[in-house]
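User: I'd like to go through this structure and hear the reasoning behind the labels. Can we take it one question at a time?

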Amino acid sequence: MTAVIATISLKGGVGKTTVTAGVAEFLAGEFGRSVLLVDLDSQINLTTMFLGDARWLALNSAGHTLATLFADAVDGTAEFSLENTRQRGVSTVRGVGGIDLIPSSLDLIEVTEEVSAMRVRTDDTLAGVSALRDALAPITNDYDIVLIDCPPNMGPITLNGLAMADAYIIPTIPDVLSTYGIPQVQTYIGRFGDEIGRRLVELGVVITKYKANSAVHRDTVTRLRRDPSIQNVLPGYLGEANAIAAAAAFAEYPTLRAKYGRTQFDQFRELAGTILIEATAKIPAATP
Ligand SMILES: Nc1ncnc2c1ncn2[C@@H]1O[C@H](COP(=O)(O)OP(=O)(O)OP(=O)(O)O)[C@@H](O)[C@H]1O
Ligand SMILES: [Mg+2]
């Protein structure tokens, strides 16, 4: 069965997209899993990491992005083409196959407002919420794992991601302000689960940009590990590293080690492996 996992946080810039991209490449490259990436963020970071600007521009002008899917939901049209939108084999690391991507668009900013307006107009907070799940349903089962990169808010597009997700991970920098919003995310997702009649599984918190020489970072990790309301602090803390920042550039790499650096390779491998184990253990009927 396919495990669908959303990457989510209310705080911006904590490494959601970086974690999503890296975990996908390690699940595929190191663990042989097939992965579908879904970019729900109008900042299009995940999309351009894997496709580059030129290919995104061409797709966008042809309407082959998620903006078309959500515009269909608002307008009652059927312009979205799943086959033309799904981009195959997008990893730029040699030998890493099995990662496909559903690209996002800057136009999603405007479409998001239209979806919000539709919710108000119809007085239905769940209006349009299953658009993504329904549109991707024909291909979801082609994959072991679907990873959904959410924007840093709980708007209607994020809700679409949650409505198709079995589980979620919460990336955070281990500092005071970044961890502040974690309880809100948990509460919000719990409430949304009540609304749709299904509990989403918290796989855990992912530590990002970790600085071992920072007392604040060390103390925050300790605090999070002791916090009974946090399901799990996933091992494989991602250190703050130039190689990870540089990996955001659309470029070709001979190996995952070359792309992420030796130490970060081990961190990402441990994180991806743990996510696989947690997903198998905690998502009912999932054996990704
Ligand atoms: N472990 C790391 N070491 C160094 N730089 C990192 C690391 N993780 C992420 N970054 C950099 O930090 C910035 C923010 O990361 P990223 O875009 O992944 O965060 P995000 O949570 O997706 O942001 P947003 O909320 O805007 O979507 C990017 O420039 C990224 O390259
Ligand atoms: Mg992001």
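Analyst: Sure, let's go label by label, keeping in mind that this is a predicted model.

User: What makes the overall size agree with a compact globule?

Analyst: For 288 residues, the rule for a compact globule gives a radius of gyration near 19 Å; the protein chain has 18 Å, so the two agree. The C-alpha atoms fill a box of roughly 55 × 40 × 35 Å along the principal axes. Of the 288 residues, 57% count as buried. As for contacts with a separation of 6 or more, 80% of them come from residues 24 or more positions apart. The chain exposes about 12,100 Å², with carbon and sulfur atoms supplying 51% of that.

User: Which secondary structure elements are there, and how are the strands ordered?

Analyst: The chain has 13 helices and seven strands. The seven strands make one open sheet in the order β3-β2-β4-β1-β5-β6-β7, and the pairing is parallel.

User: Why are β3 and β7 called edge strands?

Analyst: Count partners: β3 (99-102) and β7 (233-234) each have a single partner strand, so one side of each is left without a neighbour in the sheet.

User: How do you know that β4 pairs with β1 and with β2?

Analyst: Two strands pair if there are at least two bridges between them. Strand β1 (residues 3-7) and β4 share five bridges in the parallel sense, and five bridges also join β2 (residues 35-39) to β4, again parallel. Both counts meet the cut-off, so both are pairs. If you want to look at particular residues, T7 has D149 of β4 as its bridge partner. On the β2 side, L37 stands opposite L147 and V38 opposite I148.

User: What makes β4 a mostly covered strand?

Analyst: Buried means under 20% relative accessible area, and five of the five residues in β4 (residues 145-149) are buried. In a regular strand the side chains alternate between the two faces of the sheet. Here I145, L147 and D149 point one way while V146 and I148 point the other way, and all are buried.

User: Which helix is mostly covered, and what covers it?

Analyst: That's α7 (residues 156-164), where nine of nine residues are buried. The list runs P156, I157, T158, L159, N160, G161, L162, A163 and M164. Their cover includes strands β1 and β4, along with helices α3 (66-75), α5, α6 and α9 (182-196).

User: Why is the pair of F26 and F268 called stacked?

Analyst: A pair of aromatic rings is described by the distance of the centres and the angle of the planes. The structure holds five aromatic pairs. In this one the ring centres of F26 and F268 are 5.4 Å apart, inside the 6.5 Å limit, and the planes sit at 15°, under the 30 degrees for stacking, so the pair is stacked.

User: What does that pair tie together, and are the two rings buried or exposed?

Analyst: F26 belongs to helix α1 (residues 16-29) and F268 to helix α13 (residues 262-282), so the pair ties together parts that are 242 residues apart in sequence. F26 is at 0% relative accessibility, so it counts as buried. F268 is also at 0%, so it is buried too.

User: Which rings join them in a cluster?

Analyst: Ring pairs link F26, Y260, F265 and F268 into a cluster.

User: Why is R257 said to lie over the face of F265?

Analyst: R257 is placed over the face of F265 at 4.0 Å from the ring centre. The distance cut-off for such a charge is 6 Å, so 4.0 Å falls within it.

User: What makes the phi values of I44 and D123 stand out?

Analyst: Most residues other than glycine have a negative phi. I44 has a positive phi of about 50°, and D123 has one near 55°.

User: Where do I44 and D123 lie, and is each buried or exposed?

Analyst: I44 is in the loop between β2 and α2 (45-61), and at 7% relative accessibility I44 counts as buried. D123 is in the loop between α5 (108-121) and α6 (131-140). With a relative accessible area of 72%, D123 is over the 50% cut-off, so D123 is exposed.

Key. Residues numbered from 1 in each chain as written. Chains lettered and ligands numbered in written order. Predicted model: local features only at pLDDT ≥ 70, side-chain atom pairs only at ≥ 80, totals over all residues. Heavy atoms only, no water. Phe/Tyr/Trp six-rings, centres within 6.5 Å; stacked < 30°, edge-to-face > 60°. Helix = DSSP H or I, 4+ residues; strand = E, 2+ residues; numbered from the N terminus. Buried < 20%, exposed > 50% of the residue type's maximum accessible area, 1.4 Å probe, protein only. Lys NZ or Arg CZ within 6 Å of the ring centre and 35° of its normal. Rg over C-alpha atoms; globule rule 2.2 N^0.38 Å. Contact = heavy atoms within 4.5 Å. Areas by Shrake-Rupley, 256 points an atom, 1.4 Å probe, with all protein chains shown as cover.
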